[in-house]
Amino acid sequence: MLHTRLRPHCKEFLEKIAKLYELHVFTFGSRLYAHTIAGQYL
């Protein structure tokens, strides 16, 4: 189970800049965690 909080309007912001830039997820967690978070929010 993952518990992650995003700041208000973060998802909309990420959706806008994803069209302009290649986004990367940096975490001290596992690769599975990073892929899961990226899949949910990007």
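Colleague: Are Phe26 and Phe28 buried or exposed?

Modeller: This is a predicted model, where local features need pLDDT of at least 70, side-chain atom pairs count only at pLDDT 80 or more, and totals for chains, interfaces and linings use all residues. Residues are numbered from 1 along each chain as its sequence is written, and side-chain values use heavy atoms, with hydrogens and water left out. Buried is under 20% relative accessible area, exposed over 50%, and partly exposed in between, using a 1.4 Å probe and protein chains only. By that yardstick, Phe26 and Phe28 are both exposed.

Colleague: And which way do the rings of Phe26 and Phe28 pair?

Modeller: Rings of Phe, Tyr and Trp (its six-membered ring) pair if their centres lie within 6.5 Å; planes under 30 degrees apart are stacked, over 60 edge-to-face, the rest tilted. A search of the whole structure turns up one aromatic pair. The ring centres of Phe26 and Phe28 sit 5.5 Å apart with planes at 75 degrees, so the pair is edge-to-face.

Colleague: What about His9, what is its phi?

Modeller: Most residues other than glycine have a negative phi. His9 is exposed, with a relative accessible area of 63%. His9 isn't a glycine, yet its phi is positive, at about 65 degrees.

Colleague: How many of the 42 residues, as a percentage, count as buried?

Modeller: The C-alpha trace spans about 30 × 20 × 15 Å along its principal axes. Using the buried cut-off given above, the share of the 42 residues is 12%.
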